[in-house]
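Let's look together at how a protein chain can hold metal ions. Take a moment with the sequence and the model before reading on.

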Amino acid sequence: MNLIPLPAFSDNYLWLWHEGQSAVVVDPGDAGPVREALLQRQLKLVAILVTHHHADHVGGVAELREATGAQVYGPAAEAIPEPFQPCQQGDTFELLGQTVQVLDIPGHTAGHVAYHLPNAPDGPVLFCGDTLFSGGCGRVFEGTPAQMLASLDALASLPGDTRVCCAHEYTLSNLKFAQAVEPDNTDLADYTAHCVNLRARNEPTLPARLARELAINPFLRVRAPAVMAAARRREPQAHDAVAVFATLRQWKNDFR
Ligand code: ZN
Ligand code: FE
């Protein structure tokens, strides 16, 4: 299974998944880099997966559908460029010989979905849009902190060898925040050094491994004693996991 992050805009990745002559793209905010990659590799686009309605994820959908006839899949509860196959929790379909499972992960947007490939050849793959990032998570725009935490918890329960394909290269700034939360986390220090090296060579830090995210991502660690303690130093009333999550999210919004 070939999995390629196509850089777009300043920090987006449009994930291109291809097998033989056929390709799928996830969240094509811009048609340009996708058309170029298809041409270069002589691929036919058969499907477009959309995780949520933001412009940097759907901006190229209409042009790509028109140019290729690709079938569009998108969140049932969101307005994305019609026509598309509406997807929600529990739906499964086959693409390029793989089973794709749909997960509802609201919070960043109200109808945000993820696409999970549980049986992909080199380990499961997750396309999670702007919900989970390496070392961080998306902003809570349309949902509540409780919804966002439930969505992150659902993703965290996937197999540890899952390759997490996030829609933005936010890793280094996320890790800077993560280190402010957990300065004594040695896995976090090691992973940060690794990612600094990758970015120095202009290489993507993604896909991320889910097992590592569980060890370093504060938003997946809201029940870890060190993370709870850090949140409570900022907000003494952060008693439960949702309050710890909400405190971290607000802290990250203000963090420079
Ligand atoms: Zn977004
Ligand atoms: Fe985005």
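Donors are N, O and S atoms within 2.8 Å of the metal (3.2 Å for Na, K and Ca), and sites may look incomplete because water is not among the atoms. With that in hand, meet Asp 130, which bridges the zinc ion (ligand 1) and the iron ion (ligand 2), 3.3 Å apart. This is a predicted model, where local features need pLDDT of at least 70 and side-chain atom pairs count only at pLDDT 80 or more, while totals for chains, interfaces and linings use all residues. Residues are numbered from 1 along each chain as its sequence is written, chains are lettered from A and ligands numbered from 1 in the order written, and side-chain values use heavy atoms, without hydrogens and water.

Here are the two sites:

| Metal | Protein donors | Distance | Angles |
|---|---|---|---|
| zinc ion (ligand 1) | His 52 (NE2), His 54 (ND1), His 108 (NE2), Asp 130 (OD) | 2.2 to 2.3 Å | 88 to 169° |
| iron ion (ligand 2) | Asp 56 (OD), His 57 (NE2), Asp 130 (OD), His 168 (NE2) | 2.1 to 2.3 Å | 85 to 167° |

The zinc site is irregular, and the iron site is irregular too. Four donors are tetrahedral if all angles lie between 85 and 135 degrees; four are square planar and six octahedral if opposite donors are over 155 degrees apart and all others between 65 and 115; anything else is irregular.

Along the chain, the iron donors are spaced D-H-x72-D-x37-H, and the zinc donors H-x1-H-x53-H-x21-D. His 52 sits in the loop between β4 (44–49) and α2 (55–58), and His 108 in the loop between β8 (98–104) and β9 (113–117), so this pair ties together parts 56 residues apart in sequence. Helices (H or I, at least four residues) and strands (E, at least two) are DSSP runs, numbered from the N terminus.
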